[in-house]
Amino acid sequence: QGSRLFHPQDTVIKTPHAVIGGAEFIMMAGPCSVESEEHVKKMAKVAKEGGAKIIRGGAFKPRTSPYSFQGLGEEGLKYLREAADENGMDMITEVMDDEHVEMVAKYTDIFQIGARNMQNFSLLKTVGKTNIPVALKRGMSATIDDLLNAAEYIVSEGNRQIMLLERGIRTFDNKYTRNTFDLGAVPVLKKLTHYPVIVDPSHAVGEWDLVTPMALAGAASGADGMIVEIHDEPTKALSDGPQALKPKTYLKMAQKVFEVHQVI
Ligand code: PEP
Ligand code: MN
């Protein structure tokens, strides 16, 4: 059902304040994790200033170690919802578990399915039964066909509002970058499917000083939007500090990204 052959027209997803997959490039920005009410509200203002219509932030975090910060849970969802509403923005947040879908649905405008859950078919089917848009992240070792098949699990349950996220994959050389940003996947996905494609340069490279060049490359690749992590004090961030852009850097990056989108 995701194939262009059967549905030639682009899927356009409408959230209260954004149109994803239309002419406009959609910026989504925010901290990796919702850390506190005050912090996420501060970051929402920065995100908006850079032209973001959607604020991101994790309340349930899929951490590599079980001893790392796991997120604020429902409390975090409330803070992110308020931060979005106070700034006339929409929110995106990760749902990690089947049993949380109903709760997260009460707050979010877009479900994020994390790279580690791309093939959690039970979770995919559960979000597929809702009418909330789903941002499906490519697994770190998933092929393009794996990603497309994962999307089928969602659409086969009835939910057609899907966007695909390229966030970097594991390759033989990830010494200097956290993952390998597979930008070739963007035009391929645009050719094979009608879904909007979003790039995530933050998780792809893992280091803040590499984010801007790859964000620009992501915009140039023909993506419909971008999701990027920001933090005012990256060294104190509860997760993914090294890849977070400070507000000033984010604002500069965002301006250039919109310019690139204009010329492609
Ligand atoms: C995130 O968006 O913070 C995240 C955990 O991303 P990924 O699933 O791509 O690792
Ligand atoms: Mn993160």
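Student: Which residues does UniProt place in the feature "domain: DAHP synthetase I/KDSA"?

Tutor: Happy to start there, bearing in mind that this is a predicted model. The feature comes from an unreviewed UniProt entry. In the model, the span it covers is 38% helix and 15% strand, and its end C-alpha atoms lie 17 Å apart. The record places the feature at residues 19–262.

Student: Which strands make up the closed barrel?

Tutor: The barrel has eight strands with parallel pairing. From one strand to the next, the twist averages 25°. In order, the strands run S3-S4-S5-S6-S7-S8-S9-S10.

Student: What is the bridge partner of Leu 165 in S9?

Tutor: Let's look at the pair of strands first. Strand S8 covers residues 162–166 and strand S9 covers residues 197–199; they run parallel and are joined by three bridges. Within S9, the partner of Leu 165 is Ile 198.

Student: At about what angle to S10 does helix H8 run?

Tutor: Helix H8 spans residues 208–220 and lies across S9 and strand S10, residues 225–229. Helix H1 (residues 37–49) likewise lies across two strands, S3 and S4, running at about 155° to S3. For H8 and S10, the angle is about 165°.

Student: How do the residues of the contact of H1 with H2 divide into nonpolar, polar and charged?

Tutor: H1 and helix H2 (residues 74–86) pack at about 35° with axes 9 Å apart, and the crossing is right-handed. H1 contributes Glu 37, Val 40, Lys 41 and Ala 44, while H2 contributes Tyr 79, Leu 80, Ala 83, Ala 84 and Glu 86. They divide into six nonpolar, no polar and three charged.

How values were computed
Residues numbered from 1 in each chain as written. Chains lettered and ligands numbered in written order. Predicted model: local features only at pLDDT ≥ 70, side-chain atom pairs only at ≥ 80, totals over all residues. Pairing = 2+ DSSP bridges. Helix = DSSP H or I, 4+ residues; strand = E, 2+ residues; numbered from the N terminus. Axes fitted to C-alpha atoms, helices over the stretch in contact; angles between N-to-C directions. Contact = placed C-beta atoms within 7 Å. UniProt positions renumbered as here; feature names shortened; annotations may be inferred. Left-handed = near helix turned anticlockwise from the far one by under 90°. Nonpolar A, V, L, I, M, F, W, Y, C, P; charged D, E, K, R; others polar.
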